[in-house]
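Welcome! Take a moment to look over the sequence and the model, and then let us walk through them together.

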Amino acid sequence: MTGISTHVLDTSLGRPAEGVPVELALNTEGGWKVLGTSATDSDGRAKDLPAVEAGSVVRLLFDTAAYYAKKSDETPFFPEVSIVFTVAPAQHHYHVPLLLNPFGYSVYRGS
């Protein structure tokens with residue numbers, strides 16, 4: 001099994017994004033199966049997502065609309081961010097950070 005963690009940094013504010021809902025789902029023949037949900041803490045981290053089987057294709061879905069609704073009445077340009085990746089058999093853990101701002105985002109495989 002491979003552990004999955006993430007964190008979200010609000011690059012427009014220069015600090016962690018607290019309270020971003022995060023969903024971890026598994027790609028199955030029948031579609032996406034939700035394995036677990038979380039929300040980022042005061043440090044912007046979601047540490048309590050479930051482990052997944054090696055070789056799986058998984059999706060992290062960030063509800064950025066919920067995050068921005070707490071900050072503004074404006075509709076966000078990206079209401080959600082979906083990150084799909086393959087879990088390699090030899091990996092024990094993946095950390096997938098999201099760098100977020102109102103009009104763009106970036107993601108990478110962290111350590």
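Let us begin with the pocket. By class, the residues lining the largest pocket are six nonpolar, three polar and three charged. Keep in mind as you look that this is a predicted model. The volume of this largest pocket is about 210 Å³. To find it, look for the residues that line it, among them D10, S12 and L13, then Y68, K71 and S72. Further along the chain, E74, T75, P76 and F77 also belong to the lining, as do P102 and F103.

Now step back to the chain as a whole. The UniProt record, an unreviewed entry, places the feature "domain: Transthyretin/hydroxyisourate hydrolase" at residues 4-110. Over that stretch, 48% of the chain is strand and 6% is helix. If you trace residues 4-110 from one end to the other, you will find the end C-alpha atoms 11 Å apart.

Some of those strands are worth following one by one. Four strands form an open sheet in the order 4-3-6-7, and their pairing is antiparallel. At its edges are strand 4, residues 31-39, and strand 7, residues 81-86, each of which pairs on one side only. Direction ignored, neighbouring strands of this sheet are turned by 20° against each other on average.

Start at the edge formed by strand 4. Strand 4 and strand 3 make a hairpin, with two residues between them. Eight bridges pair these two strands in the antiparallel sense. One place to see this is A25, whose bridge partner in strand 4 is V34.

Next, cross to strand 6. Strand 3 and strand 6 run antiparallel and are joined by five bridges. Here A25 appears again: in strand 6, its bridge partner is R59. Moving on to the other edge, strand 6, residues 57-62, pairs with strand 7 over six bridges, again in the antiparallel sense. Within that pairing, L61 has S82 of strand 7 as its bridge partner.

Which residue forms a salt bridge with E23? The partner is R59, and the closest N and O atoms of the pair are 3.0 Å apart. E23 sits in strand 3, residues 21-28, and R59 in strand 6, so this contact ties together parts that are 36 residues apart in sequence. As general background, side chains of opposite charge can pair when their charged atoms come close. In total, the model has two salt bridges.

Note on methods:
Residues are numbered from 1 along each chain as its sequence is written. This is a predicted model: local features need pLDDT of at least 70, side-chain atom pairs count only at pLDDT 80 or more; totals for chains, interfaces and linings use all residues. Side-chain values use heavy atoms; hydrogens and water are left out. UniProt positions are given in the numbering used here, feature names are shortened, and annotations may be inferred rather than shown by experiment. On a 1 Å grid over the protein atoms alone, a cavity is a set of points where a 1.4 Å probe fits but cannot get out, and a pocket is an open set with protein on both sides within 12 Å along at least five of seven lines; lining residues have an atom within 4 Å of a point. Grid points are joined across faces, edges and corners, and a volume is the space filled by probe spheres set on the points. Ala, Val, Leu, Ile, Met, Phe, Trp, Tyr, Cys and Pro count as nonpolar, Asp, Glu, Lys and Arg as charged, and the others, Gly among them, as polar. Two strands pair if DSSP finds at least two bridges between them. Axes are lines fitted to C-alpha atoms, for helices over the stretch in contact, and angles run from 0 to 180 degrees between N-to-C directions. A salt bridge is a side-chain nitrogen of Lys or Arg within 4 Å of a carboxyl oxygen of Asp or Glu.
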